[in-house]
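Trainee: I am new to this structure. Please take one part of it and go through that part closely, step by step.

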Amino acid sequence: INAEYMGGFNRTKYPLSCINVTAPQVTDPKKGAIILKHIKHLCRTRHDKGDDDTSSDEDSEEEDPLSEEESNSEDDDNDPVIFTKEVPHRGGVNRIRAMRQHPGIIAAWGEEGHVSAYDLRDQLLALAEPETWIALQSKGKKKSAQGPFFKTTKDTHKTEGFALEWSPKVEGWLASGDCDGGLYLWQKDESGANYFGTQLKGHAKSVEDIQWSPTQDNVLASCSADSTVRLWDVRDAKSAQKMMWTADIADINVISWNNLPNAKQFIATGSDAGVLKIWDLRMIQRKEATPLVELGFHQESITSIEWSPINDSLIASSSDSMVCFWDLSVEGDEETDQQMENREDYEKIPPQLMFLHQGIENCKEIHWHSQIPGMITLTDINGFQFFRSVNWKHLLK
């Protein structure tokens, strides 16, 4: 949630920094919190040297838009420095999202069954630009409230959920889905002071994830434990569902809509069966659709997927114990595969698999950093990881 504060796009000079919003799982509801973290001094490690970051003589003759300025070698391998701001939130949080138009506006899906929204712009400014924040306070700027400015009631969501997403195109629109199949759009009323919910009916089981269309203000996609993906036009609440197809025989856990100009017709899904599928919306005409690409490499339930914000054919996926980078522009060589299959030591690896990151435990979410090319942030049971693949430059070209 850093685009407004962290120095623009294409940041490559070490040490790097980023701002994240997080929330922990807690056993005591009174200890719940939303935490803003400014993580500074992210350095390359000594093991990074000599990999893709170091250009060959041939590459150095051409200007590389992704070339990076070297850090001071004395800084390498130093620990990051973390600054935090916390606000209370009752209970644990299943999912948390920042509004793209205002990164300090935060929505949280609480495990007690409520969606809440907080205005943390003051806290975010204090973390990102402390000098500016101090100057504003000296001029008498009023501090933002600590509590939520919006919270759902049991009249709408009757149980907890995980699906949550702010609209990237319409400021203030928020969609949420719960474990009973309830899906709601939240908008401000005419006064601008209160939110009201519109229910989108159709899913028979838990709504697992939501993605807004990158091109149409009123369209969103949802996936569910009922094995379906559905597209909705929120202008027509009574018959909002405009498209539906069965995406797997298992639960569909996650969905990602490609945001790049040449690939906005592609939606990716990840299932409980560990299968990643790519769908072309132009080819879906009935409930039983055929995926454009199907990759069954994960041996566990897929927990998160996300298209690269730079390369329209690059997507990352995660399961409990690993993260995979896939380049969907790569095609297999059938003749080579047939020759290799006769070998006893042959283990078929999809040709689209470009990188495999392991050493994680119970991975929950992965996200490409929007301003640092090639960097992935992930959360697992042990905390955060920030990494680039050894071939990150090659993947982004």
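Mentor: What follows is a walk through the largest nonpolar core and the contacts, charges and strands described along with it.

This is a predicted model, in which local features need pLDDT of at least 70, side-chain atom pairs count only at pLDDT 80 or more, and totals for chains, interfaces and linings use all residues. Residues are numbered from 1 along each chain as its sequence is written, and side-chain values use heavy atoms, with hydrogens and water left out.

Start with the whole chain. It has five helices and 26 strands. Helices (H or I, at least four residues) and strands (E, at least two) are DSSP runs, numbered from the N terminus. The chain holds 397 residues, and 52% of them count as buried. Buried means under 20% relative accessible area, exposed over 50%, and partly exposed in between, with a 1.4 Å probe and protein chains only. Now take contacts with a separation of 6 or more. Residues 24 or more positions apart account for 57% of them. A contact here means heavy atoms within 4.5 Å.

Now the core. A nonpolar core is a set of buried Ala, Val, Leu, Ile, Met, Phe, Trp, Tyr and Cys residues joined through side-chain atoms within 4.5 Å. The largest one has 17 residues. Those with the most contacts inside it are A268, L276, I278, W307, I315, W326 and L328. Four strands give two or more residues each to this core: β17 (266–271), β18 (276–280), β20 (304–307) and β22 (323–327). As background, nonpolar side chains tend to be buried together in soluble globular proteins.

Look at W307. Leave aside residues up to four places away in sequence. W307 then touches S256, W257, N258, F266, A268, I278, D312, S313, L314, I315, L328 and W368.

S313 is on that list. S313 sits in the loop between β20 and β21 (314–318). At 13% relative accessible area, S313 is buried. With the same four-place exclusion, S313 touches W307, W326, D327, L328 and S329. Its side chain also makes a polar contact of 3.0 Å with the side chain of D327. A polar contact is a pair of N or O atoms within 3.5 Å; within protein, one must be able to donate a hydrogen and the other to accept it, and residues adjacent in sequence count only if both atoms are side-chain atoms.

N253 offers another polar contact. N253 lies in strand β16. N253 counts as buried, at 11% relative accessibility. A 2.7 Å polar contact joins its side chain to that of S301. Neighbours within four places aside, N253 is in contact with E208, D209, C223, G270, S271, D272, S301 and I302.

Next, charges. A salt bridge is a side-chain nitrogen of Lys or Arg within 4 Å of a carboxyl oxygen of Asp or Glu. By this rule the count comes to 10. K277 forms one with D248, with the closest N and O atoms 3.7 Å apart. This pair links distant parts of the chain: K277 is in strand β18, while D248 is in the loop between β15 (241–246) and β16 (252–257), 29 residues apart. Both K277 and D248 are buried.

R282 and D280 also meet in a salt bridge, at 2.8 Å from N to O. Here R282 is exposed, at 58%, and D280 is buried, at 6%. D236 and K242 form another, with closest N and O atoms 3.6 Å apart. D236 is partly exposed at 31%, and K242 is partly exposed at 49%. Finally, R97, E165 and E365 are linked in a network of salt bridges.

Last, a sheet. W307 also touches W368, and β24 covers residues 365–368. Three strands form an open sheet in the order β24-β25-β26, paired antiparallel. Two strands pair if DSSP finds at least two bridges between them. The edge strands, β24 and β26 (383–388), each pair on one side only. Neighbouring strands are turned by 20° against each other on average, direction ignored. For such angles, axes are lines fitted to C-alpha atoms, for helices over the stretch in contact, and angles run from 0 to 180 degrees between N-to-C directions.

β24 and β25 (residues 375–380) pair over four bridges. One bridge partner pair is H367 and T377. Six bridges join β25 to β26. There, T379 stands opposite F384. A hairpin joins β25 to β26 through two residues.
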